[in-house]
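This report describes the architecture, the nonpolar core and selected residues of one protein. The sequence and the model are shown first, and the text then moves from surface to interior.

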Amino acid sequence: MNWLIDKPYLIFFAMIPLLVIGGLFLEDSTLAINVHDTYFVIANQDITVLFSIIFTGIGLGYWLTRKFKGQLRRWMTLAHILLTFGGILFITIMGALLNTVYNPLKPDDVNETLYVNFVLWLSILGVLFGQILYPINLILALFKK
């Protein structure tokens, strides 16, 4: 676990090829997000490219901090990594569960769908909190040499 906290950029750089390979083998499916009267439709390949770019930026930030001998806060680094990867894994599982639970032909499944949606949004907020910790950790590392 120490290598994860000492060199966090390795896990982000390792995820980039996995995301790209996973995006190549995904079937041609989309993510549809309904906001009021508008549907936002995003292809899965676009999502994998977006996450690859984000993980590249995060990995470069961690690598540059280490290169310039900045002192990262260990708990913030660990919280960021766990909330990012654990949260994304949990969101993926909950999204798959939502697709299996929700049946528009059976209106009595509404309570289960609301519960899954609530847990899904809480996990999204947890991932966003982890992403807020990342720049705070980098800024604090710049001032503590």
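A residue is called buried when its relative accessible area is under 20%, exposed when that area is over 50%, and partly exposed in between. Leu64 has a relative accessibility of 38%, and therefore counts as partly exposed. The model discussed here is predicted.

## Overall architecture

The protein contains five helices and two strands. Starting at the N terminus, the order of these elements is α-α-β-β-α-α-α. Of its 145 residues, 30% count as buried. The accessible surface amounts to about 10000 Å², and carbon and sulfur atoms account for 72% of it. Among contacts with a separation of 6 or more, 69% are between residues 24 or more positions apart.

## The nonpolar core

The largest nonpolar core comprises 14 residues, and Phe12, Phe55, Ile58 and Tyr62 have the most contacts inside it. Two or more core residues come from each of α2 (9–25), α3 (44–67), α4 (74–101) and α5 (110–143). The greatest contribution is that of α2, which supplies four residues.

Ile58 illustrates how these parts of the chain meet. Apart from residues up to four places away in sequence, Ile58 touches Phe12, His80, Gln131 and Tyr134. One of these partners, His80, lies in helix α4. His80 is buried, because its relative accessibility is 0%. With residues up to four places away again left out, His80 touches Phe12, Ile58, Tyr62, Gly130, Gln131 and Tyr134.

## Helix α3: from patch to interior

Which residues make up the nonpolar surface patch of about 470 Å²? The patch is formed by Phe13, Leu60, Trp63, Leu64 and Phe68. Helix α3 gives the most to this patch, with three residues. Leu64, introduced above as partly exposed, is located in helix α3.

The next residue to consider is Thr65, which is also placed in helix α3. Is Thr65 buried or exposed? Its relative accessible area is 12%, so Thr65 is buried. Beyond its neighbours within four places in sequence, Thr65 is in contact with Gly70, Leu72, Leu138 and Ala141. Thr65 and Leu138 are 73 residues apart along the chain, yet their C-alpha atoms are separated by 7.1 Å.

Ser52 is a further residue of helix α3. With a relative accessible area of 8%, Ser52 is therefore buried. When residues up to four places away in sequence are not counted, Ser52 touches Ile16, Leu19 and Val20.

The side chains of Thr65 and Ser52 each have a polar contact with a backbone oxygen, as listed here.

| Side chain | Backbone oxygen | Distance |
|---|---|---|
| Thr65 | Gly61 | 2.7 Å |
| Ser52 | Thr48 | 2.8 Å |

## The loop after α3 and the N-terminal helix

Lys69 is situated in the loop between α3 and α4. The phi angle of Lys69 is near 60°, a positive value in a residue other than glycine. Lys69 is exposed, because its relative accessible area is 64%.

Asp6 belongs to helix α1 (residues 2–6). Its relative accessible area of 37% means that Asp6 is partly exposed. Leaving out residues up to four places away in sequence, Asp6 touches Arg66 and Arg74. The C-alpha atoms of Asp6 and Gln71 are 9.8 Å apart in space, while the two residues are 65 residues apart in sequence.

## Summary

The model is predicted. Its largest nonpolar core has 14 residues, and α2 gives the most to that core. Helix α3 gives the most to the nonpolar patch, and this helix also holds Thr65 and Ser52. Thr65 is buried at 12% relative accessible area, and Ser52 is buried at 8%. In the loop between α3 and α4, Lys69 is exposed.

Terms used. Residues are numbered from 1 along each chain as its sequence is written. This is a predicted model: local features need pLDDT of at least 70, side-chain atom pairs count only at pLDDT 80 or more; totals for chains, interfaces and linings use all residues. Side-chain values use heavy atoms; hydrogens and water are left out. A nonpolar core is a set of buried Ala, Val, Leu, Ile, Met, Phe, Trp, Tyr and Cys residues joined through side-chain atoms within 4.5 Å. Buried means under 20% relative accessible area, exposed over 50%, partly exposed in between (1.4 Å probe, protein chains only). Contact means heavy atoms within 4.5 Å. Patches are made of residues with over 30% relative accessible area and no salt bridge: like charges are joined within 9 Å, nonpolar side chains (Val, Leu, Ile, Met, Phe, Trp, Tyr) within 5 Å. Accessible areas come from the Shrake-Rupley method with a 1.4 Å probe; for residues, only the protein chains shown count as cover. A salt bridge is a side-chain nitrogen of Lys or Arg within 4 Å of a carboxyl oxygen of Asp or Glu. A polar contact is a pair of N or O atoms within 3.5 Å; within protein, one must be able to donate a hydrogen and the other to accept it, and residues adjacent in sequence count only if both atoms are side-chain atoms.
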